Amino acid sequence: MRYCTIFISKLPATAMAVYPFMIFKNQGASLIRRVIRHELIHFHQQLELLVLPFYVLYFLNYLLNLLIYRDHDKAYRNICFEVEAYANDDNPDYLLQRKTYAWINRRPEKKR
């Protein structure tokens with residue numbers, strides 16, 4: 001999948017996918033295959049939701065998780081889209097076998 005690369009040194013994350021742009025904190029991050037694969041998974045999620053609804057659902061899922069976990073990191077890691085991306089970003093074949101809307105079946109971690 002083709003994408004445009006942007007570098008923003010003050011980016012609060014290592015990388016971010018905003019279709020069709022892949023934004024990286026630095027050039028080193030843009031060379032890490034796992035990071036790229038993670039962001040490509042987000043591209044697929046964004047495209048199957050026609051981009052804008054992805055961001056609405058992402059934000060709402062984060063807010064709901066924040067109420068549940070009361071912790072930013074846990075809330076972020078348990079966003080349904082992130083659960084799918086983190087679970088599969090180390091699998092080079094994942095995007096070839098990924099089922100549409102795979103993020104729906106992802107299980108968040110249990111509240112502790």
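Is E84 buried or exposed? In this predicted model, E84 is buried, with a relative accessible area of 0%. The residue belongs to helix α4, and its surroundings are described below, beginning with the helix itself.

Helix α4 spans residues 80-88. Seven of its nine residues are buried, so α4 is largely enclosed by the rest of the structure. The buried positions are C80, F81, E82, V83, E84, A85 and N88. These residues pack against α1, α2, α3 (72-77) and α5. For C80, the relative accessibility is 18%, which places this cysteine under the 20% limit for buried residues. Another cysteine, C4, is partly exposed, with a relative accessible area of 40%. The count of disulfides in the model is zero.

The packing of α4 against α2 was examined in detail. The axes of α2 and α4 lie 8 Å apart and form an angle of about 95 degrees. Because angles of 65 to 115 degrees count as roughly perpendicular, the two helices α2 and α4 are assigned to that class. On the α2 side, the contact is made by F54, L57, Y58 and N61, and on the α4 side by C80, F81 and E82. By residue class, this contact comprises five nonpolar residues, one polar residue and one charged residue. Helix α2 covers residues 52-69 and includes Y69. The side of the chain at Y69 is buried, with a relative accessible area of 12%. Y69 and V18 are 51 residues apart along the chain, and a distance of 26 Å separates their C-alpha atoms.Contacts between α1 and the region around α4 were considered next. I41 is located in helix α1 and is buried, with a relative accessible area of 0%. Apart from neighbours within four places in sequence, I41 is in contact with E84, A85, N88, D89, Y94 and L95. The C-alpha atoms of I41 and Y86 are 9.3 Å apart in space, whereas the two residues are 45 residues apart in sequence.

The model contains three salt bridges. In one of them, the side chains of R34 and D89 meet at an N to O distance of 2.8 Å. R34 lies in helix α1 (residues 33-48) and D89 in the loop between α4 and α5 (94-97), so this pair ties together parts that are 55 residues apart in sequence. The partners differ in burial class: R34 is partly exposed, with a relative accessible area of 43%, whereas D89 is buried, with a relative accessible area of 4%.

A further salt bridge joins the side chains of R98 and E48, with an N to O distance of 2.8 Å. This pair links distant parts of the chain, since R98 lies in the segment after α5 and E48 in helix α1, 50 residues apart. Both partners are buried: the relative accessibility of R98 is 13%, and the relative accessible area of E48 is 15%.

R98 also meets E84 in a salt bridge, with an N to O distance of 2.6 Å between the side chains. E84 is part of helix α4 and R98 of the segment after α5, so the pair ties together parts that are 14 residues apart in sequence. Through shared partners, the salt bridges join E48, E84 and R98 into one network. The buried residue E84 thus appears both in this network and among the contacts of I41.

Several backbone features occur in loops. The peptide bond from Y19 to P20 is cis, with omega near 5 degrees. P20 is found in the loop between strands β2 (15-18) and β3 (21-24). Two residues that are not glycine have a positive phi. L50 has a phi of about 60 degrees and is found in the loop between α1 and α2. R70 has a phi of about 55 degrees and is placed in the loop between α2 and α3. L50 counts as exposed at 69% relative accessibility, and R70 likewise counts as exposed, at 67%.

Technical notes:
Residues numbered from 1 in each chain as written. Predicted model: local features only at pLDDT ≥ 70, side-chain atom pairs only at ≥ 80, totals over all residues. Heavy atoms only, no water. Salt bridge = Lys/Arg side-chain N within 4 Å of Asp/Glu carboxyl O. Helix = DSSP H or I, 4+ residues; strand = E, 2+ residues; numbered from the N terminus. Buried < 20%, exposed > 50% of the residue type's maximum accessible area, 1.4 Å probe, protein only. Disulfide = S-S within 2.5 Å. Axes fitted to C-alpha atoms, helices over the stretch in contact; angles between N-to-C directions. Parallel < 35°, antiparallel > 145°, perpendicular 65-115°, else oblique. Contact = heavy atoms within 4.5 Å. Nonpolar A, V, L, I, M, F, W, Y, C, P; charged D, E, K, R; others polar.
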